[in-house]
Structures are given as C-alpha cells and as structure tokens.
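This briefing concerns helix packing and one residue environment. Please consult the sequence and the coordinates alongside the text.

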Amino acid sequence: MTIEIDTGSGFCFGVTRAISKAEEELQHGQPLYCLGDIVHNGREVERLGSLGLVTIGHDEFASLHGANVLLRAHGEPPSTYRRAKDNHINIIDATCPVVLHLQERIKRDYDADKHHTKQIVIFGKPGHAEVLGLVGQTDGTAIVIERPEDVTRLDFSRDISLYSQTTKSLEGFRQIVNYIGEHIAPTASFTYADTICRQVANRMPHIRSFASRHDVVLFVCGHKSSNGRVLFNECRAANGHSYMIDSPDEIQPSFLLGHRATDDFSIGICGATSTPKWLMEQCKVRLEQLLPQQ
C-alpha cells in the first residue's frame, strides 16, 4: 500500500510570495496587519497568526492610523490605497504580479473609454477578493459574470471588453468568448484578454491525471477556497472516491471502507493553490495512523 503526496499541489507563486513577505516583516517585531485572510486556508492563517500576523477586515482597516498593513496576493481596489494614504498606513503590497498586471490592463481600458460606453466584463466570482479589486479599477461599473450561461445578460449591441479572474477555468472562458463572438452586433466591437494564470489552469489536467492513478484521493483544501472547489470537482470527476478535507482531523475511516488493502492499493493526497505542503504531510501521517486499524 502506498500514499503519495502530489508534488504539483500546494501554494502557487503569488501565495508563496505573500507568505514570504509576511514572515519577513514579522521578523522585525513590529505589529503587522493583513487585510483579509492571507490565504484561503484556515490552518495556514492560524500558523501565521501564532507568529503575530493579525487579520482584519475593511472596517477595521478604515480605523487604523500609522500601522503596517500587508495586502495579500488577491489585490485591492484603488479605494484601499487612497484610504491608506489618508490614514498614513504603511502598505506592504503582496499583490500577485499576475493580478497586478490584470488590474493595470483593466484600468487602462476603462480610462481610454472617455464616455464609458463600453461594457467591461469580468468572468469571475462576485464578491471574491480578486474580483473586487478588478471591479474597483472601473469605479465599480464592470459587469461580473460567474458562469458561461450568465453571458446572456450582456447587451450585444454595445462594445464589450472581456477579462477573467486569474483562477477561473479556461474552458468556461472560451465558451463565453465563442458565445459573444457569435452574438455581438455588426456595429459593436468585441475584444478579450485571456488573463487566466497558467500556473493555476495547468493544474486541472494535472489533478485529473493524479486522481485517476489512485484508488482513493484526499483533496486538502480550506473551505473558503474558490480555486479549491474547482480543482476538487476536477479531482472527483476523475475519481469518484475523492474526498475534500480541511485538516487531518476530517479524515474518516469510512473513506477507506470497501477498499481492499493490497500491495498495489494507493492513496493520493493533493490540494489547492492555497494548500500548504506541511498540511498535506500531516494528512499523510494521520492516514498512516489509521491504516493499521482497517
């Protein structure tokens, strides 16, 4: 029997960079706040909290003055930076470079449309931290569509510029592009930018391949992770014996029921872009403790 941890799972570049910045700042011994959970994984948030990182919301941020505040990889709207300037807050900006580039691109597009007649459309999850930062580049006027079928809400007689949250699916984005291309009026223009992060997108075929190689799969993911839910669905589509867990404590002996323990029996452990490697390692240890009981 084997237990394999997926080497392709774990923090993406943007999350790794944000956490490294937080750890570096915390070494200075000064109070450090983070605007929102630094990563959508409660266990990692707890770990950094034990080192002194204080997670706050926007209401608390608005009341701070002269503090050090880290902005996570998801990015923030321009209003956050204005508030920081007014309150003399020192910003440690850990916005993912991929997200930052996307924000700048949307801002240029919005500013170039002097009369703001164009529909700037973002394929993303409404209310998601990254999407709020993107919508903020358009003074709140961008249209957010969460699913390909939501594209019918658009006015195809007007110009459309389409962008995507960096962690959305390529397949869904392409469906939207095709639909708009087929329905846009001859008098209107349609432009689109594939702004999906390939480091994230490429995990989908990888996770399917990984899941299909094992008898049982444990997908380790924080309950708040949008990317995690997308990847888990891919995992479960490839292997019906896939289970999403937040921590080793959620591993149930029943996950292994009905599976005969043989020499070639294998369990795979994988996770989202917000899942720390150390947490997957802990899940492996817990599995090793449970297996002799089966």
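Which residues in H11 are buried? They are Leu279, Met280, Cys283, Leu287 and Leu290, where buried means under 20% relative accessible area (1.4 Å probe, protein chains only). The model is predicted: local features need pLDDT of at least 70, side-chain atom pairs count only at pLDDT 80 or more, and totals for chains, interfaces and linings use all residues. Residues are numbered from 1 along each chain as its sequence is written, and side-chain values use heavy atoms, without hydrogens or water.

**Helix H11**
- The buried residues of H11 cover an arc of only 100° around the axis, which puts them on the same side of H11; the arc is taken from the directions from the helix axis to the C-beta atoms.
- Their cover includes strand E1 (2-5), helix H2 (42-50) and strands E10 (216-220), E11 (242-245) and E12 (266-271).

**Helices H9 and H10**
- The axes of H9 (residues 203-212) and H10 (residues 226-238) come within 8 Å and cross at roughly 40°.
- H9 and H10 are therefore oblique to each other, a class for angles that are not under 35 degrees, over 145 or 65 to 115.
- Contact (heavy atoms within 4.5 Å) involves residues including Met204 and Ile207 of H9, and Val230 and Leu231 of H10.

**Phenylalanine 61**
- Phenylalanine 61 lies in helix H3 (residues 58-63) and is buried, with a relative accessible area of 2%.
- Phenylalanine 61 touches residues including Leu35, Ile56, Val69 and Ile89, not counting residues up to four places away in sequence.
- Phenylalanine 61 and isoleucine 89 are 28 residues apart in sequence and 9.2 Å apart in space, C-alpha to C-alpha.

Terms used. Buried < 20%, exposed > 50% of the residue type's maximum accessible area, 1.4 Å probe, protein only. Helix = DSSP H or I, 4+ residues; strand = E, 2+ residues; numbered from the N terminus. Axes fitted to C-alpha atoms, helices over the stretch in contact; angles between N-to-C directions.
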